[in-house]
Structures are given as structure tokens and as C-alpha cells.
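Biologist: I am new to this structure. Please take one part, the salt bridges, and go through it closely: which side chains pair, and where do they lie?

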Amino acid sequence: MSQIDDKDLKKDYPDNAGVKDDSLVAVIADVAEAIRLGVRKYNAEKDSAEAKQLCQLTITQLHYLHLIEARKGITGTELSKEFNVAKPTVTNVVGRLVDHGYVRKKMSAKDRRVYFLYLTEKGKHLLAVERQGYYNYAEKVVNELTDEEAQQLCLLFSKLR
């Protein structure tokens, strides 16, 4: 796992948004990377088609899938506003997700220019595979901690929601 050098943080991000302790940023980056690698490793070990498909998605595509899952029937315009990106960017990302069979579009009866977006069964299953990877990683983390440490970690992470 690569460590982030505090000097690099200051050089690359001089406006550190009020963070007083650069080591906190480094820990957060390391934990995020460990989770990503842990989930990918779990899915690679499964050697399933879904796990391979999951590893081929970009983080942006995953963000879109998660939001489409959470807000069934979301429109491209709403995605554009949510992610603060141009509509053509949304069209491009959604088009790829539709081409892969993860998302389906339903035309609005009121305005033929508007499409509502929904996960397909394949898209729902893909996110379930991703979630299972997170559960697997969480189990490994909990196994390394005492019950008290696990409770503290949950409390601290819940404050960040």
C-alpha cells in the first residue's frame, strides 16, 4: 500500500480545507485504497463473470449505478445536477451502462426528450456482488479488532455520514 507523503499533500493541495493534521488525510487515503483493493481482491478470488465485470467499471460508472439504484427513475438532468457535470457527460456514461445491460431507460410519456433511468436485474446483481465484497472486507477488519475497537470504529464512521 502506498503511503502519501505529507509534503506532497501540502505541495499538491496548498489549500487544505482547514485540515490541521496531514496525517489524517494520509490515513483516510490509505484506508480508502485498502478497501478498494480488498473488494477487488475478494471479487477476483470469486472468479465470477460478475466480479470481472465489476472490476472493469470505472468509479464514475459505479457512482452512477449507486445513484440510479437509490433514486429509481432519476433523469439524466438530475444526474447532471447531482454530479455537477455537463449533460453530454451523463449521456456518455449512461449510454455505456445501458450498452452493458446495467441500466434501462424509460421514455417519459409527457416529454419524449426525458428518460427515466432504472437498474436492470443485471445492474442490481452487479451492485449486490460489490456489496458482498464490502461485507467480506468489513469481516476481515472486524476480525483484527477487539469488540470495543469495532464499536468505536462504527461510532466514528457513523459520525461521518
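**Salt bridges**

Modeller: In this predicted model, glutamate 82 and arginine 71 form a salt bridge, with their closest N and O atoms 3.1 Å apart. This pair links distant parts of the chain, 11 residues apart: glutamate 82 sits in helix 5 (residues 76-83), while arginine 71 belongs to the loop between helix 4 and strand 1 (74-75). Glutamate 82 has a relative accessible area of 46% and is partly exposed. Arginine 71, at 33% relative accessibility, also counts as partly exposed.

The structure holds four salt bridges, and another of them joins the side chains of glutamate 69 and arginine 131, at 3.1 Å from N to O. Glutamate 69 lies in helix 4 (residues 59-70) and arginine 131 in helix 7 (residues 121-144), so this salt bridge ties together parts that are 62 residues apart in sequence. Glutamate 69 is partly exposed at 22% relative accessibility; that value is not under 20%, so glutamate 69 does not count as buried. Its partner, arginine 131, is partly exposed as well, with a relative accessible area of 32%.

A further salt bridge brings together the side chains of aspartate 111 and arginine 113, at 2.9 Å from N to O. Aspartate 111 has a relative accessible area of 24% and is partly exposed. Arginine 113, at 72%, is exposed, because exposed means over 50%.

As for the pairing itself, side chains of opposite charge can pair when their charged atoms come close.

How values were computed:
Residues numbered from 1 in each chain as written. Predicted model: local features only at pLDDT ≥ 70, side-chain atom pairs only at ≥ 80, totals over all residues. Heavy atoms only, no water. Helix = DSSP H or I, 4+ residues; strand = E, 2+ residues; numbered from the N terminus. Buried < 20%, exposed > 50% of the residue type's maximum accessible area, 1.4 Å probe, protein only.
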